[in-house]
Amino acid sequence: MNVCALTAGRTLIRELPRTASERKQTDAERIEHRLLNIARIRHSGEWDAAPQALQKLLQAMNQVSAVQVATKPRLLSLTDERLFAHPLLYLHGRYGFALDQGEQQKLRTYLKQGGVLFADACCGADEFDQSFRRLAEQLFPGKRLKRIPVDHELFSRNTGFELREVRFRHPIDLQTKTNEERVTRIAPEIEGIEIDGRLAVLYSSYDLSCAIEHGDRIACPGYVAEDAVKLGLNIVWYSLLQ
């Protein structure tokens with residue numbers, strides 16, 4: 001059990017609660033606590049722009065995968081001791097943000113030790129995009145975010161869905177009459193940073209989270225909701241395979 005827990009990135013419960021006054025967990029809560037968990041990261045910007053996106057993504061994963069994950073992702077700061085118990089960290093937002101040197105060092109150590117960071121700019125927000133690119137340079141000087149080629153295993157059935165081509169939703173303009181006219185087919189645009197031959201940072205400058213949370217009703221540029229979910233699931237599966 002210890003070996004299984006270690007490889008899955010979980011922490012074993014070694015003691016019962018010491019105080020009888022604590023609220024008893026329901027069966028569902030006890031099961032949720034023992035499932036593989038993914039953490040949302042709190043930062044100085046709008047870290048909760050699409051608060052339900054990750055939960056909906058994990059619910060979709062439980063519907064289509066034998067790998068069961070907790071659908072109530074933990075919200076953590078980068079200085080939290082529990083950070084290293086999670087195989088994947090999720091970070092998103094619309095506005096600019098910055099991490100202090102202590103937070104950068106924790107995140108750098110986490111990534112070098114095998115963790116994966118998944119981030120996206122809500123609605124393709126320029127402020128968040130600029131901040132995230134600056135963070136990537138601070139974390140790994142000399143390395144840059146590079147577009148992941150379409151023949152990479154991230155987009156293949158070896159990881160999850162075959163995603164060499166996805167549907168992209170363009171922003172509304174005065175010439176657009178229907179939602180269908182906004183959609184074109186493109187190769188997925190996910191960028192990454194490699195450490196020791198594996199992708200440790202995965203980033204989309206196009207919207208994933210708002211599409212996952214709100215569906216195709218939003219007006220900003222990004223992937224069609226169904227393909228946004230598939231891309232998100234491939235990223236989660238890829239991180240668990242590292």
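Colleague: Which residues in H3 meet H7?
Modeller: In this predicted model, the contact of H3 with H7 has nine nonpolar, one polar and no charged residues. On the H7 side, the residues are Val229, Gly232, Leu233, Val236, Trp237 and Leu240. On the H3 side, they are Leu57, Ala60, Met61 and Val64.

Colleague: How are H3 and H7 oriented to each other?
Modeller: The axes of H3 (residues 53–64) and H7 (residues 225–241) come within 10 Å. They cross at roughly 75 degrees, and angles of 65 to 115 degrees count as roughly perpendicular. H3 and H7 are therefore roughly perpendicular.

Colleague: At about what angle does H7 run to S6?
Modeller: H7 lies across two strands, S6 and S10. Strand S6 covers residues 166–169, and S10 covers 222–223. The angle of H7 to S6 is about 125 degrees.

Colleague: Which strands are the edges of the open sheet of three strands?
Modeller: The pairing in this sheet is antiparallel, and the order is S7-S6-S10. An edge strand pairs on one side only. That applies to S7 (183–186) and S10.

Colleague: What is the bridge partner of Arg169 in S10?
Modeller: S6 and S10 run antiparallel and are joined by two bridges. The partner of Arg169 in S10 is Gly222.

Colleague: Which element gives the most residues to the largest nonpolar core?
Modeller: This core has 34 residues, and Leu154 and Leu202 touch the most other members. Elements that give two or more residues include H3, S3, S4, S6, S9 and H6. The most, seven residues, come from H7.

Colleague: Which residues does Leu202 touch, leaving out those up to four places away in sequence?
Modeller: Four of the contacts are Val116, Leu117, Phe118 and Ala119. Among the others are Ile148, Leu154, Ile190 and Glu191. The list is completed by Ile235 and Tyr238.

Colleague: How many residues are in the second, separate core?
Modeller: Its members include Leu76, Leu107, Phe132 and Val201. The second core has 28 residues.

Colleague: How many of the residues of S4 are buried?
Modeller: Val116, Phe118 and Asp120 point one way from S4, and all are buried. Leu117, Ala119 and Ala121 point the other way and are buried too. The count of buried residues in S4 is six of six.

Colleague: Which residue stands opposite Leu117 of S4?
Modeller: S4 (116–121) and S3 (88–93) both give residues to the largest core. S3 and S4 pair in the parallel sense over six bridges. Opposite Leu117 stands Leu89.

Notes
Residues numbered from 1 in each chain as written. Predicted model: local features only at pLDDT ≥ 70, side-chain atom pairs only at ≥ 80, totals over all residues. Heavy atoms only, no water. Axes fitted to C-alpha atoms, helices over the stretch in contact; angles between N-to-C directions. Helix = DSSP H or I, 4+ residues; strand = E, 2+ residues; numbered from the N terminus. Parallel < 35°, antiparallel > 145°, perpendicular 65-115°, else oblique. Contact = heavy atoms within 4.5 Å. Nonpolar A, V, L, I, M, F, W, Y, C, P; charged D, E, K, R; others polar. Pairing = 2+ DSSP bridges. Core = buried A, V, L, I, M, F, W, Y, C linked by side-chain atoms within 4.5 Å. Buried < 20%, exposed > 50% of the residue type's maximum accessible area, 1.4 Å probe, protein only.
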